[in-house]
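Student: I am new to this structure and should like to understand the terms used to describe it. May I ask how each description is justified?

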Amino acid sequence: MQLPAPVFDRLIRTLSPAQPASDQRRYERIALAGPATILPLSDDVTEAFRARVADVSADGIALLHDRPMTVGGEFLLQLPPDGPTPGIQIRCLIRSSTLVADGCHRIGAAFDGVTDRPCLLELGAREF
């Protein structure tokens, strides 16, 4: 699923840009270096945590974290409020989870929809 343009633009504004990435994908990837608050929906983890964003495209996101996530699982990506606009949650499907360095996993996920419930987690996620 491709994110609606306003949600994708907001995702990009929320994270600090690094430098653009390029490869042979359907949508251009944008390299970012910001934190992301994640709420797992399918792993044994029951609390939110922070991961580092590696890059995003119109249809997915890549995260770096100290533990793997289950391929085929799901999580909610939490976006904080943006001025008068409330925070939102983007449902993501985990497509890959690869150990890229000692204690560092790259998690690739496809966007699967924007939830209409308010963002549940503004604070309290543990840091990457």
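Student: Why is threonine 37 called buried or exposed?

Tutor: Buried means under 20% relative accessible area, exposed over 50%, and partly exposed in between, with a 1.4 Å probe and protein chains only. Threonine 37 has 8% relative accessibility, so threonine 37 counts as buried. Of the 128 residues of the protein chain, 44% count as buried.

Tutor: A word on the basis: this is a predicted model, in which local features need pLDDT of at least 70 and side-chain atom pairs count only at pLDDT 80 or more, while totals for chains, interfaces and linings use all residues. Residues are numbered from 1 along each chain as its sequence is written, and side-chain values use heavy atoms, leaving out hydrogens and water.

Student: Where is the place of threonine 37?

Tutor: Threonine 37 lies in strand β3 (residues 35-40). Strands (E, at least two residues) and helices (H or I, at least four) are DSSP runs, numbered from the N terminus. The protein chain has 1 helix and 8 strands.

Student: With which side chain does the side chain of threonine 37 make a polar contact?

Tutor: The partner is the side chain of arginine 50, at 3.2 Å. A polar contact is a pair of N or O atoms within 3.5 Å; within protein, one must be able to donate a hydrogen and the other to accept it, and residues adjacent in sequence count only if both atoms are side-chain atoms.

Student: In which strand is confidence highest?

Tutor: By pLDDT, the predictor's confidence in each residue from 0 to 100, strand β5 (residues 60-65) is highest, at a mean of 95.
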